[in-house]
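Student: Could you take me through one part of this protein slowly? I'd like to see how a single strand sits among its neighbours.

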Amino acid sequence: MKPEPIALRPLARRLMLMLGLAALAAFALHQNANAHHGWSSYDSSKLVTLTGTIKSASYDNPHGTLDMTAEGKEWNVILAPPFRMDSRGLERGMLTAGKEVTVEGYQNRRDPQELRAERITVDGKTVELR
């Protein structure tokens, strides 16, 4: 009589579960990396300066953003990560709707209404973001 490998069944199940979770984690990381745009999509040959009014702002990871009106257009501005903005003196409370700001940065090649900010001036204070 041949003994049935009962002890291997729970081990095999655990191994399959671990492999499945690892594959799911790898897929999620890959999707997150693809969702974040690279800086090569911005035209760094021409610095653009916008002065306008903040409509809304986000101080979230992976980077802050603000929507603003400047030059009669709506702009989506990509800021730095929150930890960098904090460390350079751009606090969350400084980015509120209705404030006037000046942003210098590079325009997205595919989305001409998007700007990657290099620096921002708010409340008379200029903050380097890169």
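Tutor: Let's look at strand 2 and what surrounds it. This is a predicted model, where local features need pLDDT of at least 70, side-chain atom pairs count only at pLDDT 80 or more, and totals for chains, interfaces and linings use all residues. Residues are numbered from 1 along each chain as its sequence is written, and side-chain values use heavy atoms, with hydrogens and water left out.

Strand 2 covers residues 65-70; strands here are DSSP runs of E with at least two residues, numbered from the N terminus. Strand 2 has two faces: Leu66, Met68 and Ala70 are on the covered one, while Thr65, Asp67 and Thr69 are on the uncovered one. Why the every-other-residue pattern? In a regular strand the side chains alternate between the two faces of the sheet.

Now for the neighbours. Two strands count as paired if DSSP finds at least two bridges between them. On one hand, strand 1 and strand 2 run antiparallel, joined by 6 bridges, and Thr53 stands opposite Thr69. These two strands form a hairpin, with 6 residues between them. On the other hand, strand 2 pairs with strand 3, also antiparallel and over 6 bridges. That hairpin has 2 residues between its strands, and Glu71 in the turn has a positive phi of about 55°.

Across from Leu66 you'll find Val77 of strand 3. Val77 counts as buried because its relative accessible area is 0% (buried means under 20%, exposed over 50%, partly exposed in between, using a 1.4 Å probe and protein chains only). Leaving aside residues up to four places away in sequence, Val77 touches Leu66 and Met68, among others, and also Val103 and Leu115; a contact means heavy atoms within 4.5 Å. Val77 and Leu115 are 38 residues apart in sequence, yet their C-alpha atoms are 4.8 Å apart in space.

Finally, the core. A nonpolar core is a set of buried Ala, Val, Leu, Ile, Met, Phe, Trp, Tyr and Cys residues joined through side-chain atoms within 4.5 Å. The largest one here has 23 residues, and Met68 is among the five that touch the most other members, along with Leu79, Leu90, Ile120 and Leu129. Strands 1, 2, 3, 4 and 5 each supply at least two residues of this core, with the largest share, 4 residues, coming from strand 5. Leu79 also touches Thr65 and Leu66 of our strand, as well as Ile120 and Leu129, among others.
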